[in-house]
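Here's a quick briefing to read with the structure open beside you. Have a look at the fold first, then work through the points below.

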Amino acid sequence: MYKRYQGNSGKVVWVEDAPRPSPPQEPQDPAHRPPPGGGAQRRPAPRPPGGLRLPGMDLETEDLLLLLILYLLYRESGDSELLMIIGAMFLL
């Protein structure tokens, strides 16, 4: 069940979920059946855009944004601890 609100009146009506009918299954022709064992080989899922692949590490968009912010903070303040934080991020 879910609530349905009626316009500007503020009244709430509870509505029951109606079960959806399943689509009718068509009989398969034996000549068009897929071969046993899966037939088609599965390809690995494509990686989402926005990442950087370096040898030994995988940087995502969030990591790159954090590195950019830390670099800009270092450039602004000159604090060498920010450089150590950036280096530690590359090690983890």
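The chain has two helices and four strands. Keep in mind as you read that this is a predicted model. Starting at the N terminus, the order of elements is β-β-β-β-α-α.

**The chain as a whole**
- Just 7% of the chain's 92 residues count as buried.
- Take the contacts in the chain with a separation of 6 or more: residues 24 or more positions apart make up 7% of them.

**Helix α1 on its own**
- Helix α1 covers residues 61-77.
- With 17 residues at 1.5 Å a residue, α1 should span 24 Å, and the C-alpha atoms at its ends are indeed 24 Å apart, so the two values agree.
- Right after α1 comes G78, and its phi is positive, near 80°.

**How the two helices pack**
- α1 packs against helix α2 (residues 80-91) at an angle of about 160°, and the axes are 8 Å apart.
- Angles over 145 degrees count as roughly antiparallel, and that is therefore how α1 and α2 lie relative to each other.
- As for handedness, the crossing of α1 past α2 is left-handed.
- On the α1 side, the contact is built from D63, L66, L67, L70, Y71, L73, Y74 and S77.
- On the α2 side, the residues in the contact are S80, L82, L83, I85, I86, M89 and F90.
- Sort the residues of this contact by type and you get twelve nonpolar, two polar and one charged.
- A handy reminder when reading those lists: an α-helix has 3.6 residues a turn, so residues three or four places apart point the same way.

**L70, a buried residue in α1**
- L70 sits in helix α1 and has a relative accessible area of 10%; the cut-off for buried is under 20%, so L70 is buried.
- Which residues does L70 touch, leaving aside its neighbours within four places in sequence? They are L82, I85, I86 and M89.
- I86 is 16 residues from L70 in sequence, and their C-alpha atoms are 6.9 Å apart in space.

**L59, a buried residue in β4**
- L59 belongs to strand β4, which runs over residues 57-59.
- L59 counts as buried because its relative accessibility is 8%.
- Between the C-alpha atoms of L59 and F90 there are 9.0 Å, although the two residues are 31 apart along the chain.
- F90 is also one of the α2 residues in the contact with α1.

Conventions: Residues are numbered from 1 along each chain as its sequence is written. This is a predicted model: local features need pLDDT of at least 70, side-chain atom pairs count only at pLDDT 80 or more; totals for chains, interfaces and linings use all residues. Side-chain values use heavy atoms; hydrogens and water are left out. Axes are lines fitted to C-alpha atoms, for helices over the stretch in contact, and angles run from 0 to 180 degrees between N-to-C directions. Angles under 35 degrees count as roughly parallel, over 145 as roughly antiparallel, 65 to 115 as roughly perpendicular and the rest as oblique. A crossing is left-handed if the near helix is turned anticlockwise from the far one by less than a right angle, and right-handed if clockwise. Contact means heavy atoms within 4.5 Å. Ala, Val, Leu, Ile, Met, Phe, Trp, Tyr, Cys and Pro count as nonpolar, Asp, Glu, Lys and Arg as charged, and the others, Gly among them, as polar. The expected span of a helix is 1.5 Å times one less than its number of residues. Buried means under 20% relative accessible area, exposed over 50%, partly exposed in between (1.4 Å probe, protein chains only).
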